[in-house]
Amino acid sequence: MTSATYHAPASIAEAVGLLSSDPAARIIAGGTDLIVQARAGRVKPGAYVDIKRISAAIGIRSFEGGFAIGAATPCTALLEHAALCAAWPGMVEAANLIGSVQVRNRATMGGNLCNASPAADSVPALIAAGATCLVAGPSGERVIPVTDIPSAPGRTSLAQGEFVVEIRLPAQPSGGSDAYLRAIPRTEMDIAVVGAGVSLVMDGGVCKSARVGLGAVAPTALLVEAAAAALIGTTLDDNALDAMGEAVSAACKPIDDKRGTASYRTHTAAVLARRAALIARDRAGAK
Amino acid sequence: MQKILVSTTVNGETCEFACEPDTSLLDALRTELRLTGSKEGCGSGDCGACTISLDGEMVCSCLVLAAEAQGRTIGTVEGIAEGSALHPLQTRFLEHAALQCGFCTPGFLVAAKSLLEKNPDPTETEIRYWLAGNLCRCTGYDKIIRAVQHAAADLRQERTGA
């Protein structure tokens, strides 16, 4: 078929070496996007660099009070980590809305981020959670916010030779929780028309901090600081939620396509963000 | 192009095959190992006809590179029956006419077996969500759901009776 090669390096350094030496080399983790794209001829990998044999890229561990999720960890593995599910239930739910069980058993957190689809379900939730990622490359390692990875539909800011090793979620403060909701025209197996993730910390009924992430309403997933600001210092009363919804809609720059019109997306983003905020609040209060 | 030699365990037996770097595991199973039970419906992970288990988790074998299977454990539809004794899922699929053309059936059987291993008493909703990645254009799904429910009951009874 092609002249591609396949490699399964056991170390980060080996993977960086392979990626650096071939501009057409591509990371394969779950393969649920890459193999489809290669088969359709949209990408022509010169080398498949399988990172699933790198121990740092697999599994979930406690890290600085929060969690480090290996980039090649499949979505369904998150469900089996009780502490992660308790701290960041919205993020775990977002990752487990993707595709079917078959797909989620392969599809990874790093892949959902680096495929750079504007409609990736886990990315708005990761943004809302304030997640960062550990990037390894020829000049060493760096830690950057998840928001800095996607640069345009299907494109990332990663330089040649770089790859995401793990995704880091901060510690969940007492009184904090999150939620993610998406709109699709059916109940399963579809791509988000709109996605909204909200994380917040409640203290004595007042919102102390908040982050709002949106998907499928712009070329990349968005962090909407004005929406979060509308919630902070309030009890999440109707006025605050209305103001948040307006800020959400104002941030939307969606396209019209077969999945939804721009005006539908702009309206629905506000509705979903409002509902997600209330779910996150109730979860935070239940702790 | 030098072929890659892959050692793996398929349905409990150790086996080796050679593949190109971008050969799918589905193609390797079907052409190298002559296990043609797994089908290619869409080749893009939407239909589930190629569902197999990989290290105990169900996946679409069309979206796995054959080379990735090195050292892994694979289960296909051919491994579900024990010799000539059908698995309760297979028996119930026949009884309930949960297939017509049969192209999707291997994927449904592997997926349903995976469900019942994790959840011996699933609700109808849980079955429908679990099988959302398996498409059937003949049955309308109701017969498949009923067959899975009955097989689940059979397996629970086997377990308590044992």
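**Reading a sheet and a domain contact**

In β5(B), the residue I74(B) is the bridge partner of L54(B), and this pairing belongs to a predicted model.

Me: How are the strands β3 and β5 of chain B joined, and do they run parallel or antiparallel?

Reply: In general, the strands of a sheet pair through backbone hydrogen bonds, and the pairing may be either parallel or antiparallel. Here, strand β3 (residues 51-54) and strand β5 (residues 73-75) of chain B run antiparallel, with two bridges joining them.

Me: What is the order of the strands in the open sheet of chain B?

Reply: The five strands of this open sheet follow the order β2-β1-β5-β3-β4 in chain B, and their pairing is mixed. At the edges lie β2 (13-19) and β4 (57-60) of chain B, each of which pairs on one side only, while the twist from one strand to the next averages 40 degrees.

Me: Which helix packs on the sheet?

Reply: Helix α3 (residues 105-118) of chain B does, touching β3 and β4 of chain B, and its direction makes about 40 degrees with that of β3(B).

Me: Into which domains is chain A divided, and how many residues does each bring to the contact?

Reply: Chain A is divided into domain 1 (5-169) and domain 2 (176-285), and the contact takes 25 residues from domain 1 of chain A and 26 residues from domain 2 of chain A.

Me: Which element gives the largest share of the side of domain 1 of chain A that touches domain 2 of chain A?

Reply: That share, six residues, comes from α8(A), and by class this side of domain 1 of chain A has 17 nonpolar, six polar and two charged residues.

How values were computed
Residues numbered from 1 in each chain as written. Chains lettered and ligands numbered in written order. Predicted model: local features only at pLDDT ≥ 70, side-chain atom pairs only at ≥ 80, totals over all residues. Pairing = 2+ DSSP bridges. Helix = DSSP H or I, 4+ residues; strand = E, 2+ residues; numbered from the N terminus. Axes fitted to C-alpha atoms, helices over the stretch in contact; angles between N-to-C directions. Contact = placed C-beta atoms within 7 Å. Domains from an automatic or database assignment. Nonpolar A, V, L, I, M, F, W, Y, C, P; charged D, E, K, R; others polar.
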